[in-house]
Amino acid sequence: MGSNASTAYEAQALPTKTSTTLQSPTKKGQVTAFHSSSKWKLHFEASKQTSKLIVIYFTASWCGPCKHILPSVNEFAEKYADVDFIKIDVDELDDVAQEFGVQAMPTFILMKKGKEVDKIVGAKKDDLQKKIEKHRF
């Protein structure tokens with residue numbers, strides 16, 4: 001079990017900071033995977049204080065289209081370092097998936113200040129890129 005957040009690029013745990021200031025587990029150009037609903041909720045609450053675009057990628061280990069689009073998601077995370085890319089496995093965090101009304105994978109929900117600004121259902125790389133460019137500033 002161990003880590004509460006890991007990136008798509010590395011399997012080791014990211015260092016966590018224990019202080020009164022909430023630190024984002026995201027490093028530039030990476031996709032952060034959350035494995036704990038409570039850690040996700042803390043991150044999400046903190047994100048409401050910024051105007052930074054968050055792309056939440058809802059996926060499942062058994063989902064073929066999810067595996068197909070993952071390299072593109074990683075590419076976008078590198079290209080759009082000003083955007084926070086989050087990966088949530090619907091089987092691990094089914095409560096989070098239900099909260100966002102996810103019914104199919106992959107689903108991408110774009111959020112700003114805690115509000116949904118756009119949504120893509122399916123492995124639609126071009127649509128995802130257009131919507132990221134539309135909402136990132």
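What pattern does the chain follow when read along the sequence?

**View 1. The whole chain, from start to finish.** Before zooming in, keep in mind that this is a predicted model. Read along the sequence, the pattern is β-β-α-β-α-β-α-β-β-α. That comes to 4 helices and 6 strands. The chain has 137 residues, and 45% of them count as buried. Its exposed area is about 7600 Å², with carbon and sulfur atoms supplying 50% of that. Now look at who touches whom: among contacts with a separation of 6 or more, 66% come from residues 24 or more positions apart.

**View 2. The largest nonpolar core.** In soluble globular proteins, nonpolar side chains tend to be buried together. Here, the largest nonpolar core has 36 residues, and Phe 58, Phe 85, Phe 100 and Ile 132 touch the most other members. Plenty of elements chip in with at least two residues each, including strand S3 (54-59), helix H2 (64-79), strand S4 (84-89) and helix H4 (125-135).

**View 3. Phe 58 and its contacts.** Let's zoom in on one of those core residues. Skipping the neighbours within four places in sequence, Phe 58 is in contact with a string of residues, among them Ile 88, Val 96, Phe 100, Met 105 and Ile 109. Phe 58 also belongs to a cluster linked by ring pairs, together with Phe 34, Trp 40, Phe 44 and Phe 100.

**View 4. Two aromatic pairs.** The structure holds 7 aromatic pairs, and here are two of them. Trp 40 and Phe 44 are stacked, with 5.3 Å centre to centre and 25° between the planes. Both sit in helix H1, 4 residues apart, which is about one turn of the helix. Trp 40 is buried at 1% relative accessible area, and Phe 44 is buried too, at 9%. Next come Phe 76 and Tyr 80: their ring centres are 6.1 Å apart and their planes are at 50°, so this pair is tilted. Phe 76 is buried, with a relative accessible area of 0%, and Tyr 80 counts as buried at 2%.

**View 5. The disulfide.** How many disulfides does the structure hold? There is 1, formed by Cys 63 and Cys 66, whose sulfur atoms are 2.4 Å apart. The link is right-handed, with 75° about the S-S bond. Are the two cysteines buried or exposed? Cys 63 counts as buried because its relative accessible area, 3%, falls under 20%. Cys 66 is buried as well, at 1%.

Terms used. Residues numbered from 1 in each chain as written. Predicted model: local features only at pLDDT ≥ 70, side-chain atom pairs only at ≥ 80, totals over all residues. Heavy atoms only, no water. Disulfide = S-S within 2.5 Å. Buried < 20%, exposed > 50% of the residue type's maximum accessible area, 1.4 Å probe, protein only. Contact = heavy atoms within 4.5 Å. Areas by Shrake-Rupley, 256 points an atom, 1.4 Å probe, with all protein chains shown as cover. Core = buried A, V, L, I, M, F, W, Y, C linked by side-chain atoms within 4.5 Å. Phe/Tyr/Trp six-rings, centres within 6.5 Å; stacked < 30°, edge-to-face > 60°.
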